[in-house]
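Me: I have a model open on my screen and would like to go through it with you. Could you take my questions one at a time?

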Amino acid sequence: MTEINRLEKYIEFPMKPDDKLNPTLCELWEMAKVYSVPNNAGLPLFYPKVKSRSAKFTKNYEIDDPEAQKYLKDVQDFVKNNEMIKVEARIGEGSELTFRSRLFVSAKYPQLAYMFKKNLFEPNGEEIEQVDVITIPEYPERKVLVFPKEGVEVILGSDYYGETKMAALRLAMYIAREKHGALGLHAGSKAYNLKINSEMKHIGVLIFGLSGTGKTTLVCATHDLKTPESIEIIQDDINFIDQNLFAWGSEKNFYIKTEGITSQPLLFEAAKSTGSILENVYVNEKGEIDFDNLSISSNGRAIVEKDKIPYSSKSYRMGKVDVLFFNTRRDDLPPILKIDSVEKAAAIFALGESTITSADDPQRAGQPVRTVGFNPFIIDDPAKEVNTFKSALKGKEFKAFIVNTGYIGGWNGLKIKPADTFNFVEKALRDEIKFEYDPLVGFEVPVEVEGMDISKFKIENFYSKEEYAQKMKRLRAERLEFLKTLDGLDKDIVESI
């Protein structure tokens, strides 16, 4: 097991008269409001200099690495000579496995402490692990140093809240895997209460996908269900699962991408509500917030209070996972595919197929990408992540599907609209899709859907059989090539593709 040490073993945090130790949310807002962009809604709204995550500046270190020690000395000097804010929060709710998360941030950036405290839970003294984040945005170089074994991350030169949030969550996910055999998954969660064959069924669902692939949209989809049927929204971003395939949430509130939010009524109203905090969102000369104007950044964000979102569950504990949906964006797959084995589900988890979004890298948005677990925050040993996921699935009763939220036939082809996705997902949950195995694709494809005409989604409308066979042959080769790069991956996962 990995030993998680305390931050103070490596960096001293001497008490200084001007340091702010565990200020309340109200006190943090008083410090931060001078940095807020005025707007007619009266919402806290911040424009960071750095607009998105700093993935290419991020590196994992051993604590005694000479390069790391150089930066840690700079941090030590900064902390001794500058005013700091310290806040404590809790990651995780609905399980014994929770994390005390401490943030040490330069006092010149109180908005980061404000957002951190708003986004996460209050500590309750029952946390069994600890993670620490130090954020110094005014450092002259952009650098993110991750110390997995120590449960510490240092963020230099970035004032983007998403960096600070994911620093704490990334460390918690690593510790969960290394010490507890659990996984932190980049997946949303919800429950469906559906009447199937005259019987009400409670169905726990995890929805995977890279940022911007419709994960939150699907989490918040109501499907216009009528009583007694309903949905319960649980978590939109990071969920934990254990080896019993039980899931629980990580954050108190939602940190959502606001691009396209005006077409998502539940989230749009919640984002405009008192209690929300906005980041990178445009305000016009009249003081009006305009979510559709992306001139500030295509990576607009909002911390939205969960209880402001209709249909949200009061609980963060989902319980047993019954169905997995893997969101992807491709131009050569039907809107939904059924996965017929544990090994294939683990393979799709390993492949993490989609396209790069503005949240990941605005300069490369739209390009194909494969990210293990649909999760760019996995620390070390991605094969272990996948093998642990397979272990959690093994022997459990569940269903799994690939959901294509992109286009069929290329960017000029048929757009799979959100309403289409919602229909296919609901029909899959109700067992109202007839699937047949397609040897070209290697998965089961829909051939008939109760109450739906799916003829416009047929692959043969866009590709000849020979052309499609070649595309699928190349896709399988690419997938195998990627899986073989994951040293230590269970052989049966590779062979399933």
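Me: Which residue with a positive phi follows H8, and near what value is its phi?

Reply: Happy to start there; keep in mind that this is a predicted model. Helix H8 covers residues 382-393, and the residue to look at after H8 is Gly 395. The phi of Gly 395 is positive, near 80°.

Me: How many of the 12 residues of H8 are buried?

Reply: Buried here means under 20% relative accessible area. Among the H8 residues that qualify are Ala 383, Val 386, Phe 389 and Leu 393, along with Glu 385 and Lys 390. H8 is mostly covered, and its buried count is nine.

Me: What span does H8 reach from its first C-alpha to its last?

Reply: H8 has 12 residues, and at 1.5 Å a residue the expected figure is 16 Å. The model comes close to that, with a reach of 17 Å.

Me: Which helix gives the largest share of the core that has Phe 389 among its residues with the most contacts?

Reply: Phe 389 is one of the buried residues of H8. In the largest nonpolar core, of 100 residues, Phe 389 is listed for the most contacts with Phe 208, Ile 241, Leu 324, Phe 326 and Leu 483. The largest share of this core is eight residues, and they come from helix H7 (residues 342-351).

Me: Which residues of S20 does Phe 208 contact?

Reply: Strand S20 spans residues 323-328. Leaving aside neighbours within four places in sequence, the contacts of Phe 208 include Phe 349, Phe 374 and Phe 389. Those that fall in the S20 range are Leu 324, Phe 325, Phe 326 and Asn 327.

Me: Are the residues of S20 that point either way buried or exposed?

Reply: Val 323, Phe 325 and Asn 327 point one way from S20, while Leu 324, Phe 326 and Thr 328 point the other way. For both sets the answer is buried.

Me: What is the bridge partner of Leu 324 in S24?

Reply: S20 pairs in the parallel sense with strand S10 (residues 199-208) over four bridges, and there Ile 207 is partnered with Phe 325. S20 also pairs in the parallel sense with strand S24 (residues 399-404), over six bridges. In S24, the partner of Leu 324 is Ala 400.

Me: In the open sheet of four strands, what is the bridge partner of Ile 256 in S18?

Reply: The order of that sheet is S2-S15-S18-S14, with mixed pairing. S14 and strand S18 (residues 301-304) run antiparallel and are joined by four bridges. Within S18, Ile 256 is partnered with Ala 302.

Technical notes:
Residues numbered from 1 in each chain as written. Predicted model: local features only at pLDDT ≥ 70, side-chain atom pairs only at ≥ 80, totals over all residues. Heavy atoms only, no water. Buried < 20%, exposed > 50% of the residue type's maximum accessible area, 1.4 Å probe, protein only. Helix = DSSP H or I, 4+ residues; strand = E, 2+ residues; numbered from the N terminus. Pairing = 2+ DSSP bridges. Core = buried A, V, L, I, M, F, W, Y, C linked by side-chain atoms within 4.5 Å. Contact = heavy atoms within 4.5 Å. Expected span 1.5 Å × (residues − 1).
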